[in-house]
Amino acid sequence: MHYTRLDITETEGYQALLDAYRVDEASHVKRLCSQLQWSQATLDEVQQRARDLVATVRANRRNGSGVDALMQEYQLSSDEGVVLMCLAEALLRIPDSDTADRLIEDKLASGNWGSHLGKSDSLFVNASTWGLMLSGRIMAPLDTEQGQHVFRQFAQRCGEPMVRQAVRQAMRIMARHFVMGRTIDEALKRRDTDYRYSFDMLGEAARTQPDSQRYFKAYAASIHAIGKTVAEHTSPIKAPGISIKLSALHPRYELSQADRVMTELIPKARELALLARRYDIGLTVDAEEADRLDLTLAVFAALAHDPALSGWDGLGLAVQAYQKRCFDLLDLLAELALSSQRRLMVRLVKGAYWDSEIKRAQERGLASYPVFTRKVCTDVSYLACAQKLLNYHELLYPQFATHNAYTVAAILTLAGDYRDFEFQRLHGMGGPLYDQLLANSRDLVCRVYAPVGSHEDLLPYLVRRLLENGANTSFVNRILDDQAPIESLIQHPHLQIASLEKISHPRIPLPVELYPDRVNSAGIDLHDTETLAALQGDWKRELQRINSAQHSPSSDADIERALATAHASFEDWDATEVEQRARCLENLARLLEVETPRLMALCTTEGGKTITDGVAEVREAVDFCRYYALQARREFTVRTLPGPTGELNQWRLRGKGVFVCISPWNFPLAIFLGQVTAALVAGNSVVAKPAEQTPAVAIAAAELIHQAGIPKEVFQLVLGGEKTGRRLVRDSRVAGVAFTGSTAAARSINQSLAARDAAIATLIAETGGLNAMIVDSSALLEQVVTDVLQSGFQSAGQRCSALRILLVQEDIADELIRLLAGAMDELCIGDPARLATDVGPVIDAEAYERLTQHTDFLDSNARCRKRCALPEELPSTLYFPPQLYEITSIDQIQEEVFGPIVHLLRYHSADLDKRIDEINATGYGLTFGIHSRIDSRARLIASRIRAGNVYVNRNMIGAIVGVQPFGGTGLSGTGPKAGGPHYLSRFATEQSISTNTTAAGGNASLMAMSDDDS
Ligand SMILES: Cc1cc2nc3c(=O)[nH]c(=O)nc-3n(C[C@H](O)[C@H](O)[C@H](O)COP(=O)(O)OP(=O)(O)OC[C@H]3O[C@@H](n4cnc5c(N)ncnc54)[C@H](O)[C@@H]3O)c2cc1C
């Protein structure tokens, strides 16, 4: 395993960052509180200042921008607030009127807009409400057929276009409040002389090189424009500046791509910094997701140490107080200022991505969160960091970005008479707070962070702001809520902490405790340099241990012995308490977690799995063990059923006999163990045959199965290919087969089983799919691109759930193709043992050959839209380049093509129904993706499509055990779903025992009953 270690990780102070990354929240918050030893006089002064500020803001609310008031009226907790956010997010970017109308109908019809009318003091809010209410009424879906007819007639005459225009206009008005100008010149003109400015070019993180070039040019042009307005000898502190997002300058701004980022991005960031230096204005690097902090620091340190930038004090970095690392990060920055002999600008923010940080850590099963789970903890951190920043004022220029009046009051009190710092606020927010502050204290400075860009680019930013302001804990939200007493807004956070029973949020469990009834599988944090270093060491050791000997197929005698032993051991195993069987699975889960590096190394060397896929593979296996252990305890206990008195009626599940488990190479550990553990815990003995391409993974897993306590006789491993499989399934001792693989092989197994002169066996088959994804024009294209890349090309497309047919509404097809092709250029294809690799090899030369035949066919019958270039050093018969073809009909793809090829088909929005029929008509029904912001449409499609797993507005691979039970219908499998509530029962047979308890004499218990009813 190989990854690039960043220089920054060697610097003094970095270890403290590592230690704080996922530190225990309670102990860290106590440490921060201990920094805030304020005297009673300080405490009182802070509160008095805060009280005055809040009171004045409340008194002046009529002068507010209107947006604050809008947020207040439409809180996120109200249905209408959510609707508003969804509309704002999607409407402006939909190109076709049909979809725009459907979106408006979908969103507006559901809100109770009338209830908000006249509630706000703001004219802007009431006008917006009125517009929304009217639109909602007009667009409300009508139940009766006659009603719908009338509606359509009305819409055709003029209704819908008018409504659409009105709502779009309302959204534009809202957008204007948050955006300073569409162009930098427009924004510069709108400046208010009371404030300083830092301009930001709107946009999502770049997905393609051309996008990153576009952002680069926009930043450069803006620096020129800003610079030209600055008089000579103005310092960066006094001059307007620029804020840049490094993710906008590189399409793969990720730690795994550190090599590329350092060589490709630093020169670009340097060029912008040189430009800013030329005009002597400030350039601040924005703070992004927590797992990008190391990269950001590495780039920032490179700029700080660049001799060409020496003597310029305009270099700045935003740091997030909601990150546990923030307090220690300031020491590292002070160290950097010292070593680079410059004063750095440091913008202290609380952080804008809190919700996604929490979700990401939960998905990855990480040991803890990189951010605090309670708002009050972030507030404490902010105060402790502010205090430290002021202490470092000679090295770091403090910039306090907040809209919170209490936070402002605390900083003013901590600063005393010191004034060499500034406050910052976002354009469209916090105006009333800072207007009064600046009016009363002429020596205070506030800078406005001013987004510049078109409405299309605004949306992600706008949604962030709406979320931020709408949150119940948000200060902006609470200050305008008359129901919230002033005193509740000005509590000292570090004193509030003392009254908490538990410091971390009780409703945000640690990722490992996500499930109420079982332990979540532990993830490996591939963004933590310490973890990476450890993994690399373990990996090396494991590679030396891996026995590369050829594993010869089991002989007929071996197979016979395995079947006979399994058969003989069945009864005892079935009679074993379910508790003991379940415990064996839990032991196995523990062993798997201990052995993760070895298993990952095996999956990579033998199965070509990338590092990320390797982590997911082991986690899935662990989850199967724990989930089936839990299910078995629930399902396999004897139940007493109601019946007449004098009888004991009991029912139970028990094992069926010998189960043969035949698993594929693409999930050599997870599917192998998923089948085997389900069969075992249900009381069956097992003969397992892994794919002939991946025996070593299976041998390692088999060792662990036995170590976990499963008797040797009960679980038998046989090796071999198709012939071995045939030999197994035609044996009359076999009670059931669990199979995952091709539809053709499943059919053949079915026939073999049926042809035996034996009891009718159970077949649980999970087979392939012709998986499709529908993308309508309301979808967020950047997200679609990410999800298509993952669904179609991750694991080199060798997943049964992988995306094969991408149906795209024609209005957005060209744009999506452009984005997809650009993003495909950025895929890293190569050795799967490198952390940077996105796409590894296909499994063998045979698979490569089949894929080549298919692309030969496509080359004559479809249009190749993108074929990734392969690095020259790769063996050309194993590495198949990811490809995007445009086809003209679903019929062109008759069967599953197991590799990194996505077939794109345009559809007209009116033909959506027909396309769904065609997908259903293929007979397959495994996974299906929907990308649409129109909820009713997504629901309708999901209800019509005959697929086992439907994913909305996300990727369509990587089903999680117990969360997204996995398996298809029709040609895609028999069910029940793996990792689902009904899986185990298919491995079991039932027995009911009815005992006449009165047989020996009379019904004593009935006779013994007393006369009262208690
Ligand atoms: C000039 C400026 C520049 C900015 N630049 C950046 C940037 O580069 N990167 C960035 O990420 N953000 C940036 N922001 C956005 C900033 O993070 C938010 O505006 C800020 O967090 C809001 O804090 P507040 O003090 O105004 O409001 P408050 O209402 O006091 O705080 C709200 C904040 O508390 C935190 N929070 C909320 N709930 C919880 C919880 N349950 N547990 C823990 N913490 C919680 C979140 O950070 C939330 O944003 C910037 C803001 C400004 C004003």
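## Around the ligand and the second largest pocket

By class, the shell around the ligand is made up of 12 nonpolar, 10 polar and eight charged residues. This is a predicted model, and the notes below look at two places in it: the surroundings of the ligand, then the second largest pocket.

**The ligand and its contacts**

- Gly 351, Thr 378, Thr 402, Glu 468 and Phe 475 come nearest to the ligand, out of the 30 residues around it.
- Two of the polar contacts go to the backbone: a polar backbone atom of Gly 351 sits 2.6 Å from an oxygen atom of the ligand, and a polar backbone atom of Ala 287 is 2.8 Å from a nitrogen atom of the ligand.
- A side chain joins in as well, with a polar atom of Lys 375 lying 2.9 Å from a ligand oxygen atom.
- The protein buries 94% of the 940 Å² that the ligand exposes when taken alone.

**Elements in the ligand shell**

- Two or more residues of the shell come from each of strand E4 (315-320), strand E5 (344-349), helix H17 (375-391), strand E7 (422-426) and helix H20 (455-470).
- Strand E7 gives the most, with three residues.

**The second largest pocket**

- Its volume is about 1500 Å³.
- The pocket is lined by 45 residues, and Trp 665, Gly 741, Ser 742, Ala 745 and Arg 850 are the closest to its centre.
- Helix H31 (722-729), strand E14 (734-740), helix H32 (743-755) and helix H35 (845-861) each give two or more residues to this lining.
- Sorted by class, the lining of this pocket holds 17 nonpolar, 17 polar and 11 charged residues.

How values were computed
Residues are numbered from 1 along each chain as its sequence is written. This is a predicted model: local features need pLDDT of at least 70, side-chain atom pairs count only at pLDDT 80 or more; totals for chains, interfaces and linings use all residues. Side-chain values use heavy atoms; hydrogens and water are left out. On a 1 Å grid over the protein atoms alone, a cavity is a set of points where a 1.4 Å probe fits but cannot get out, and a pocket is an open set with protein on both sides within 12 Å along at least five of seven lines; lining residues have an atom within 4 Å of a point. Grid points are joined across faces, edges and corners, and a volume is the space filled by probe spheres set on the points. Helices (H or I, at least four residues) and strands (E, at least two) are DSSP runs, numbered from the N terminus. Ala, Val, Leu, Ile, Met, Phe, Trp, Tyr, Cys and Pro count as nonpolar, Asp, Glu, Lys and Arg as charged, and the others, Gly among them, as polar. A residue is near a molecule or strand if one of its heavy atoms lies within 4 Å of it. A polar contact is a pair of N or O atoms within 3.5 Å; within protein, one must be able to donate a hydrogen and the other to accept it, and residues adjacent in sequence count only if both atoms are side-chain atoms. Accessible areas come from the Shrake-Rupley method with a 1.4 Å probe; for residues, only the protein chains shown count as cover.
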